[in-house]
Amino acid sequence: MDRGTRWLNAEQQVAWRAYLLGTARLMAKLDDDLRQFGLGINDYEILVRLSEAPDRRLRMADLADRLHQSRSRLTHTVGRLEAAELVRRTSCTSDKRGVWAELTDAGFALLEQAAPYHVDGVRENLVDLASPEDFAAVGRVFDSVSEHIGQR
């Protein structure tokens, strides 16, 4: 045993395990809720990020970074969304190596259908379970985590 290790105390261990289990259950529930629309949580996040981007499109590399996904995983997922005609990929004219992922009108329409159900699920299973102060604290903690690790 390394004496230099800063072990978690009992209270920290309880909180850490609650985070792990709660996050796993929350993500599974949100993913399940989106299945009625033929989407999973990762698919939904791709559609959301594209919907928020100028011209509803992002370079694939930028999208992968924003979602913290590997490029190969994103390519596979976008391929499925493209087959469903929710997203289309196009070549970047200014950079022949670049590829755009663009939200189609059908993808935007599906997102408009799914979003109210998803937001209701987020509220019911997370936001409304915490006081505004506690929820804001969660945001601050994970902003710090993202900043510390260097990923936003």
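The largest pocket of this predicted model encloses about 1500 Å³ of space. Its lining is made up of 32 residues, and those nearest the centre are Tyr 19, Thr 23, Met 27, Val 138 and Phe 142. Five helices each give two or more residues to this lining: H1 (10-34), H2 (41-52), H3 (60-67), H5 (105-125) and H6 (132-149). Of these, H6 gives the most, with nine residues. Sorted by class, the lining of the largest pocket holds 16 nonpolar residues alongside nine polar and seven charged ones.

Next comes the second largest pocket, with a volume of about 190 Å³. Here the lining consists of Arg 6, Trp 7, Leu 8, Gln 12, Ala 15, Trp 16 and Tyr 19, which divide into five nonpolar residues, one polar and one charged. A friendly pointer for anyone browsing the model: Tyr 19 appears in the lining of the second largest pocket and is also among the residues nearest the centre of the largest pocket.

Away from the pocket descriptions, Asp 43 deserves a look of its own. This residue lies in helix H2, an element that also gives two or more residues to the lining of the largest pocket. Asp 43 counts as buried because its relative accessible area is 4%, under the 20% cut-off. Its side chain has a polar atom 2.9 Å from the backbone nitrogen of Gly 40, and the side chain also makes a polar contact with that of Arg 80, again at 2.9 Å. Once neighbours within four places in sequence are left aside, the residues in contact with Asp 43 are Gly 38, Thr 77, Arg 80 and Leu 81.

Conventions. Residues numbered from 1 in each chain as written. Predicted model: local features only at pLDDT ≥ 70, side-chain atom pairs only at ≥ 80, totals over all residues. Heavy atoms only, no water. 1 Å grid on protein atoms, 1.4 Å probe; cavity = no way out; pocket = protein on both sides within 12 Å on 5 of 7 lines; lining within 4 Å. Points joined across faces, edges and corners; volume = space filled by probe spheres on them. Helix = DSSP H or I, 4+ residues; strand = E, 2+ residues; numbered from the N terminus. Nonpolar A, V, L, I, M, F, W, Y, C, P; charged D, E, K, R; others polar. Buried < 20%, exposed > 50% of the residue type's maximum accessible area, 1.4 Å probe, protein only. Polar contact = N/O pair within 3.5 Å; in protein donor to acceptor, adjacent residues only side chain to side chain. Contact = heavy atoms within 4.5 Å.
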